[in-house]
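Here is a friendly walk through one protein model, written for a reader who likes to check each statement against the coordinates. Please have a look at the chain before reading on.

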Amino acid sequence: MPWWREHDENSILISDLNAPPSTDGPGKHEFVSPFQSSGDILAASGELLAHLQRSGLRFVPNSAAASMASWEQTLAAQFTSPATSAGVTSAGVTSAGVTSAGASEVLPENHVAASQTLAPTLQERPRDRQQPSPTPSRLTPVASSSVNSAPYPGVSLPVAEVVTALDSLSQSVAGCTRCKALASCRTQTVFGEGSPQPRFVFFGEAPGAEEDKTGRPFVGAAGQLLTKMIEAIQLKREDVYLLNTVKCRPPGNRNPAPDEVANCREYFETQLQLLRPEYIVCLGAVSSQALLQSKLSIGRLRQTFHQYHDSKVIAIYHPAYLLRNPDAKRAAWADLQMLMKDAGLR
Ligand code: SF4
């Protein structure tokens, strides 16, 4: 549960247990959920930072704190050295100047001191203090959804038969012309690649220019970041399977149209049925919404395990989005940590 929530389109409410009780109102403070661990604090801090910066607010560190550049470096370091303290420990957050300097741009002056000692203060919250009822928010993670909780149809095939079936399906896809606009301008289809017995599948949106040229998924700049993300959770790219929602590059890298996703559904569903992964990581809104048959934003679908047949599903920000919005890396790392914990990867 987030420790902050939107108040309206232009303001948010921030929990601060050092503040006196008050009624809701712009600029006021309220008491909301406490943290159970430093990991909770990290995840919540990342959520808040990403949200504020998406909303247009910019942090201006004061002269006594670390620079914004060092904070951005801390975020970027998460996918290159996740096991280190860079951005992973609560100390990383404080030293980066977000609570000590950045928060001073958000909180009233008399609350800066409280924000500097966030974790210990929150742990001292009296247990009998009445909590406000949560307000629905578009950023509140949705409850787990299950579009199809039945087991995968058919039986699990031996690996050699899976490889044969995938090859056969790939040849069918290569000649597909269901989407006239896509089939007419593609160089080639991009079917997918990786382990035929994967525990983890990474499910993207659509091929880009590099993928269209090479016929391989996730080989461009976003693909390189995805490879780092995979390695950051103690996996190797060859251990997982990578595929996209649609197999042809949309012109101009636009999002696939709903009818194009519908046309290609049979292909990605058959791939998943053959692979039967334990986990499916949906990258971005297009693949998340397609697989879960949902219209909810990625912001609401993330941070929750969903179900697709026998597979657990998580939704995270697409690597291409992370390249454009480095501030969201912290949220993505929190999602990957959730996956690692559930899968026993650490
Ligand atoms: S996107 Fe899928 S359904 Fe559409 S033409 Fe390409 S392979 Fe066929």
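## A loop residue to start with

R276 sits in the loop that links α10 to β8. This is a predicted model, and in it R276 has a positive phi of about 45° although it is not a glycine. Most residues other than glycine have a negative phi. Is R276 buried, exposed or partly exposed? R276 has 19 other C-beta atoms within 10 Å and is partly exposed, because the count for a buried residue starts at 20.

Q234 can be read alongside R276. Q234 lies in the loop between α9 (221-232) and β7 (241-244), and its phi is positive too, at about 70°, although Q234 is not a glycine. With 13 other C-beta atoms within 10 Å, Q234 is partly exposed.

## The chain as a whole

The protein chain holds 14 helices and 10 strands. Of its 346 residues, 40% are buried. Taking contacts between residues at least 6 apart in sequence, 70% join residues at least 24 apart.

## The sheet

How are the strands of the open sheet ordered? Its 7 strands follow the order β4-β9-β10-β8-β6-β7-β5, and the pairing is mixed. At the edges are β4 (146-148) and β5 (193-194), each of which pairs on one side only.

Strand β8 is a good place to look inside this sheet. It spans residues 279-283 and pairs in the parallel sense with strand β6 (residues 200-204) over 4 bridges. One of the residue pairs here is F200 with its bridge partner Y279 in β8. Toward β10, strand β8 makes 5 bridges, and these two strands also run parallel. L283 stands opposite I316 in β10, and C282 stands opposite A315 in β10. Strand β8 is mostly covered, with 4 of its 5 residues buried.

Strand β10 also pairs with strand β9 (residues 306-308), this time antiparallel, through 3 bridges. Q307 has K312 in β10 as its bridge partner. The two strands form a hairpin with 2 residues between them, and H309 in the turn has a positive phi of about 50°.

The strand pairs just described can be set side by side:

| Strand pair | Sense | Bridges |
|---|---|---|
| β6 and β8 | parallel | 4 bridges |
| β8 and β10 | parallel | 5 bridges |
| β9 and β10 | antiparallel | 3 bridges |

A helix is placed against this part of the sheet as well. Helix α14 (residues 329-343) lies across β8 and β10 (311-316), and its direction is at about 165° to β10.

## Around Y241

Y241 is found in strand β7. Is Y241 buried or exposed? It counts as buried, with 26 C-beta neighbours inside 10 Å. Leaving aside residues up to four places away in sequence, Y241 touches G192, G194, S195, P198, V201, L275 and P277. Y241 and E193 are 48 residues apart in sequence, yet their C-alpha atoms are 5.7 Å apart in space.

## Two helices side by side

Two packed helices are described by the angle between their axes and the distance between the axes. Helix α6 (residues 159-174) and helix α10 (residues 258-275) pack at about 170°, with their axes 10 Å apart. This angle makes α6 roughly antiparallel to α10, because angles over 145 degrees are counted that way.

Which residues form the contact between these helices? From α6 come V162, A165, L166, L169 and V173, and they meet Y267, T270, Q271 and L274 of α10. By type, the residues of this contact are 7 nonpolar and 2 polar, with no charged residue.

## The ligand site

Helix α10 appears again at the ligand. How many residues surround the ligand? There are 15, and the closest are C176, C179, C248, N263 and C264. Both α7 (180-185) and α10 supply at least two residues of the shell, and the largest share, 4 residues, comes from α10. The residues of the shell divide into 9 nonpolar, 3 polar and 3 charged.

In short, α10 packs against α6, gives the largest share of the ligand shell, and is followed by the loop that holds R276 and leads to β8.

Methods:
Residues are numbered from 1 along each chain as its sequence is written. This is a predicted model: local features need pLDDT of at least 70, side-chain atom pairs count only at pLDDT 80 or more; totals for chains, interfaces and linings use all residues. Axes are lines fitted to C-alpha atoms, for helices over the stretch in contact, and angles run from 0 to 180 degrees between N-to-C directions. Angles under 35 degrees count as roughly parallel, over 145 as roughly antiparallel, 65 to 115 as roughly perpendicular and the rest as oblique. Two residues are in contact if their C-beta atoms, placed from the backbone, lie within 7 Å. Ala, Val, Leu, Ile, Met, Phe, Trp, Tyr, Cys and Pro count as nonpolar, Asp, Glu, Lys and Arg as charged, and the others, Gly among them, as polar. Two strands pair if DSSP finds at least two bridges between them. A residue is near a molecule or strand if its C-beta atom, placed from the backbone, lies within 6 Å of it. A residue is buried if 20 or more other C-beta atoms lie within 10 Å of its own, exposed if 12 or fewer, and partly exposed in between; C-beta atoms are placed from the backbone.
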